[in-house]
Amino acid sequence: MSTSLFDPLTTTAVELQHQLVSGRLTSVQLVETYLAQIDAYNPSVNAFISLAPRDAIRNIAAALDAERAAGASRGPFHGIPIVLKDSIMTAPGLGMPTTAGSFALAEAKCKGNAPLVQKLVDAGLIILGKGNLTEFCGLKTSAMMPGWSAFGGQTLSPYVGEIEDNETILGHSSPGGSSTGSAVAVAAGFAPLSIGSETTGSIMVPASRAALYAIKPTFGDVEMRGIFSLSELYDVAGPLAKSPRDLVPLAELLLGRKLTSAGQKNWEGLSVGFVDPRIWNLGDSMCRQHEGTAQEMIDTYELTVSKLKEAGGVIHYPIAVPDVSELTVDGKEAFMPIAFWDCKNRTFDSFLKEYEESPVHSLADIIRFNAEHSDNALPHPYPDQQDLDRCLSNADAEEEIEFLKKGLRAKARQLLDNAFDIEGVNIIAAPTDSALLIHGAAAGYPTANIPLGILSYNGRAYGTCLIAKAGEEEALLRFMSIYESTLPPRPVPDLGRLVPIEGHRKI
């Protein structure tokens, strides 16, 4: 990569904005640095499904530089690049398709920007490209490795590289979660910021495996029109960054409100309860352990708890939270039935209606398209669409699903609220490699990820997830700011040891 005016692996958006305001850097120089980084290292990690046309990126950056030179500023993100998950609609004029990872949508044209995207554009952010994802956010076949789509291929971790043979879905070489491209793009220095979306773990898990800070806001507080969702009950879009200093203004932009205390670094009013990592972890079927890996993660987790206590934090450890098996409604499993019903009856239709032109207009059309174009749409190593078929065959009654939705939300909030109250905390923390994120999704509560460490085994990053009550993003972000100033800096990947992916698709 050519000599640059800043290190794209470590420089934050806040730091870049200071350089832009001072005149030490222009947005044109900024995007040229990121494009050079992408050219050098994206062939080894495959973070992108598509890039915006380079001349268009440069022209947008030059126009924003001219605005600044004329004394106008759109705010803290004026002239800053960002990457979007490719389940978020962008207008044809931006030069990128919105595919959700599917060949069925490769030629489809959106009516316009999703409202969230328009907010970003109006704030002066430069959309560099669309991040690869698990196709349809993971709802195609349960066999898919996270970060794989028929249209985009497989995204790899910048910390680990190649996925091990016969790896489990969330094993130590898995990049983890459907917003994988969004996370990898930031960790690999392709942009300082990105936006993903999450049902349960789709932002947090890839953020943890990319050593990033990330937040999924309270359900219903971010406009989701024009963004593919698995369920109307769980899904929220949220930002990923290298520092909570970047997350605070970006969360304010998405939420449309000030988060006054979010950047403060005092413990007043904060109390955090950490669950036992020996109880809250992933089973071997999800994450196969290797010699020393499980204990190393526990040791780092408990060392972090000790350091936060020494720094004056009100920390409770260990605290008890009911197991995910208690998230039932009258004894009935509710989480996935709700998602399958919503996909068949609500979310696919809502998403597809936002296209001006598309070869498919329904879930049934997508399944048929995939079968008719199986060489591209159902390729090795995942030549089936069992989850899509299961959605289409769902025969649950709407009344039953509405009952399950109300019951699940109430049950999840009851379980978490009891834990908050009994333990006397306002934030619950757990290994991100655990099922606690299901509680957060079912409750509709805001969740976050903070970097924790990297494994000696293969260098993969891992993190800690956080949950607070509805509307308490400020508490999460304030704790994240304290955490960043208390613990060692997040680890940076060694991109020089990565090998380009054989047959990498050029973007």
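# Exercises on a mixed sheet and its helices

An open sheet of 11 strands, with mixed pairing, has the order 1-4-2-7-9-8-16-17-15-10-11. Strands here are DSSP runs of E with at least two residues, helices are runs of H or I with at least four, and both are numbered from the N terminus. The model is predicted: local features need pLDDT of at least 70, side-chain atom pairs count only at pLDDT 80 or more, and totals for chains, interfaces and linings use all residues. Residues are numbered from 1 along each chain as its sequence is written, and side-chain values use heavy atoms, without hydrogens and water.

## Exercise 1: the sheet edges

Find the edge strands of the sheet and describe how each one pairs.

Step 1. Strand 1 (48–51) and strand 11 are the edges, each pairing on one side only. Two strands pair if DSSP finds at least two bridges between them.

Step 2. Strand 1 runs antiparallel to strand 4, joined by three bridges. In this pair, S50 stands opposite K130 of strand 4.

Step 3. At the other edge, strand 11 (residues 315–319) pairs with strand 10 in the parallel sense, also over three bridges. Here V275 is opposite I319 in strand 11.

Step 4. In strand 10 (residues 272–275), V272 and F274 point one way, G273 and V275 point the other way, and all are buried (under 20% relative accessible area with a 1.4 Å probe, protein chains only; exposed is over 50%, partly exposed in between).

## Exercise 2: helix 9 on helix 13

Determine how helix 9 and helix 13 cross, and which residues make the contact.

Step 1. The axes of helix 9 (residues 335–352) and helix 13 come within 10 Å and cross at roughly 130°. Axes are lines fitted to C-alpha atoms, for helices over the stretch in contact, and angles run from 0 to 180 degrees between N-to-C directions.

Step 2. That angle makes helix 9 oblique to helix 13; under 35 degrees counts as roughly parallel, over 145 as roughly antiparallel, 65 to 115 as roughly perpendicular, and the rest as oblique.

Step 3. Contact means heavy atoms within 4.5 Å. Helix 9 contributes F335, P337, I338, W341, D342 and R346, and helix 13 contributes E398, I401, E402, L404, K405 and L408.

## Exercise 3: helix 13 on helix 14

Describe the packing of helix 13 against helix 14.

Step 1. Helix 13 (residues 398–423) and helix 14 (residues 436–443) have axes 7 Å apart, at an angle of about 125°. This makes helix 13 oblique to helix 14.

Step 2. From helix 13, L408, R409, A412, R413 and L416 meet H439, G440, A441, A442 and A443 of helix 14.

## Exercise 4: backbone exceptions

Locate the cis peptide bonds at P318 and P381 and the positive phi values of A100 and C137.

Step 1. Most residues other than glycine have a negative phi, and most peptide bonds are trans.

Step 2. The bond from Y317 to P318 is cis, with omega near -10°, and P318 is in strand 11. H380 and P381 are also joined by a cis bond, with omega about 10°; P381 is in the loop between helix 11 (374–377) and helix 12 (386–392).

Step 3. A100 has a phi near 50° and lies in the loop between strand 2 (81–85) and strand 3 (109–110). A100 counts as buried because its relative accessibility is 0%.

Step 4. C137 has a phi of about 55° and lies in the loop between strand 4 (126–131) and strand 5 (148–149). C137 is buried, at 7% relative accessible area.
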